[in-house]
Amino acid sequence: MLVALIACVALGRLAAQMTATQLLDQAQHQLARIEANQPLWEWQLRKPRDLVAGRAFGNATVVQDDDALRVTSEDGTPFELGLPIASPLDLRHWPILQLALQSNTAGNIGLVWQGSSHALACLAPSAHVLTPDTSSLRIDLRDLAWKSAEQGKCATPGIAQMLRLRVQLPRDGSLRIASAALLTTEPMPHLQDVAIDLPKNALQQGMDRITARTQNWPMPLFRLPDGISAEAMLALSNRLRDRWPAALIVPAGETPQAEPMARPRQAWAWSACIVYLLVLLWLALRPVRGRLRPWIEIAGCLLGPLWVITGLHWGLRPTPLGLTTFGGGLVYALAIERRHLPRLWRWPGAGRQWLWPLATLPVTVLLAMFYGHALRPLLLGHVLAYFAWAWLQQWLILVVLLHRFERILPRPSWAIVPVALVFALLHTPNAALMQLCFVGELWWAWCFLRSRSVLPVALSHAICALLVESALAGGPLLRSLEVSARFFL
């Protein structure tokens with residue numbers, strides 16, 4: 001019990017440290033862009049997926065055209081192109097929309113913005129005329145006449161959750177668009193003049209009272225309270241960005257310095273990945289003999305997946321490098337366990353061995369009742385896929401790794417602790433999820449030692465995880481089920 005408590009505290013602190021580092025890095029990258037007169041909000045439009053929904057809203061087709069998109073009107077009616085927004089836009093302080101585009105015919109471009117999902121969308125149907133000799137546009141949103149859907153007058157653009165281009169071209173007319181960006185004409189104040197140190201109870205206190213003097217600041221600096229969890233940091237950060245989208249948000253006691261985000265050296269990363277894969281191939285063909293063998297096999301299985309997850313290399317879209325590195329560890333695990341694959345579907349020896357792993361289910365139900373929300377429907381395909389994924393995860397943890405930790409540790413029963421830690425670390429930096437996974441895997445590993453069957457554990461894992469996804473994720477206890485860099489999106 002003491003070991004589990006210490007591990008949960010350590011996992012929470014690890015997640016908090018990683019979150020603090022991520023927030024500071026983001027602030028320094030943002031400050032570097034400002035000092036270099038680069039836009040904070042920019043869209044490179046190269047593939048249809050770079051638009052909302054990957055298509056035009058209306059009767060138009062979207063195709064890739066070298067390093068841009070070509071949008072062709074099908075019937076001459078207006079169509080809209082949605083710019084993906086991960087966090088709110090500050091159209092009040094960044095009101096200049098710059099577009100790199102070219103039309104093959106005369107046409108018209110307008111704009112649509114919306115403050116929140118509950119607010120009415122505002123439309124400027126004619127922001128600028130398109131002509132064949134136009135190669136770029138610079139539109140000041142403050143100069144446009146905005147109207148709502150009911151033709152009522154709209155306020156000058158402010159904080160936006162949606163921004164779309166509204167284009168009208170003749171039938172078969174096309175528009176080639178490469179990029180869009182929001183620019184500002186305001187000078188940014190010195191950081192020491194716009195810094196706010198938030199108190200520990202900032203989430204409970206009224207935000208208006210704490211931040212009253214910052215209402216008109218385009219880019220205030222907020223220092224988060226010291227000693228708060230990763231979830232609290234992100235919750236407070238989200239609340240601040242809803243009102244100050246360009247705010248610099250950093251851990252307690254930090255002041256950001258303008259440091260451009262380091263570009264990943266793909267050549268070096270791929271070289272390291274290839275070396276890793278070659279070493280795994282050698283180890284699979286010529287296994288090491290002796291006492292070091294279980295250590296080397298554990299390292300071979302985990303090095304790639306842990307690098308991808310804990311190194312924050314798993315983002316919005318999986319990269320070929322991430323998939324190759326992660327998959328290399330799994331393939332190596334299959335190679336070293338190829339003679340024991342029947343353990344994947346070994347049936348429990350007694351009926352009660354199906355029930356013991358399911359003891360985590362009532363605990364999950366209680367958590368959902370106290371900290372959850374109404375059940376969200378899940379797609380059948382997703383449910384079936386997750387059962388297979390849970391089966392694969394538990395095979396890796398309980399068959400591949402547990403067996404080797406049993407050979408290493410003085411007491412085989414102690415092996416449940418390191419495998420539970422590994423399972424938790426594979427969900428970094430989601431602190432609450434890491435802690436739930438650690439406690440759950442402790443119990444499931446204990447049950448596995450008594451049945452040596454993966455099936456009951458995988459069943460319990462899948463049922464509990466799907467219930468958490470449907471009823472607990474997005475609530476006060478669990479921010480999301482995302483891991484690695486996806487946790488911060």
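Helix α5 gives the most to the lining of the largest cavity, with three residues. Helices here are DSSP runs (H or I, at least four residues), numbered from the N terminus. The lining consists of Leu283, Pro287, Val288, Arg293, Ile296, Glu297 and Tyr332. About 40 Å³ of space lies in this cavity. The count comes to one cavity of 30 Å³ or more. A cavity is a set of points, on a 1 Å grid over the protein atoms alone, where a 1.4 Å probe fits but cannot get out; lining residues have an atom within 4 Å of a point. Grid points are joined across faces, edges and corners, and the volume is the space filled by probe spheres set on the points.

This is a predicted model: local features need pLDDT of at least 70, side-chain atom pairs count only at pLDDT 80 or more, and totals for chains, interfaces and linings use all residues. Residues are numbered from 1 along each chain as its sequence is written, and side-chain values use heavy atoms, with hydrogens and water left out.

**Helix α4**

Leu283 of the cavity lining is also one of the buried residues of α4. The others on that list are Cys273, Tyr276, Leu280 and Ala284. Buried means under 20% relative accessible area, exposed over 50%, and partly exposed in between (1.4 Å probe, protein chains only). The buried residues of α4 cover an arc of only 100° around the axis, which puts them on the same side of the helix. That arc is taken from the directions from the helix axis to the C-beta atoms. What covers these residues includes α5 (293-310) and α6 (320-336). Contact means heavy atoms within 4.5 Å. The face turned away carries the exposed residues Ala267, Trp268, Leu278, Trp282 and Leu285.

Two helices can be set side by side for length. The expected span is 1.5 Å times one less than the number of residues.

| Helix | Residues | End-to-end C-alpha distance | Expected span |
|---|---|---|---|
| α4 | 20 residues | 28 Å | 28 Å |
| α11 | 21 residues | 30 Å | 30 Å |

**The cores and α11**

The largest nonpolar core has 58 residues, of which Ile397, Val400, Leu401 and Phe438 touch the most other members. A nonpolar core is a set of buried Ala, Val, Leu, Ile, Met, Phe, Trp, Tyr and Cys residues joined through side-chain atoms within 4.5 Å. Helices that each supply at least two residues include α1 (2-35), α9 (380-408), α10 (416-425) and α12 (454-471). Helix α11 gives the most, with 11 residues. Of its 21 residues, 15 are buried, so α11 is largely enclosed by the rest of the structure. Just after α11, Arg452 takes a positive phi of about 55°.

Phe438 touches Ala4, Ala7, Cys8, Leu11, Val417, Ala420, Leu421 and Ala424, not counting residues up to four places away in sequence. Apart from this core lies another, of 52 residues, among them Leu31, Leu89, Leu144 and Leu248.

**Two buried residues**

Leu402 is found in α9. Its relative accessible area is 0%, so Leu402 is buried. Leaving out residues up to four places away in sequence, Leu402 touches Ile397, Ala415, Ile416, Val419, Phe448 and Leu449. The C-alpha atoms of Leu402 and Trp414 are separated by 9.7 Å, and the two residues are 12 residues apart along the chain.

Ser237 sits in helix α3 (residues 230-243). At 4% relative accessibility, Ser237 counts as buried. Ser237 touches Leu23 and Ile249, again not counting residues up to four places away in sequence.

Definitions and conventions:
1 Å grid on protein atoms, 1.4 Å probe; cavity = no way out; pocket = protein on both sides within 12 Å on 5 of 7 lines; lining within 4 Å.
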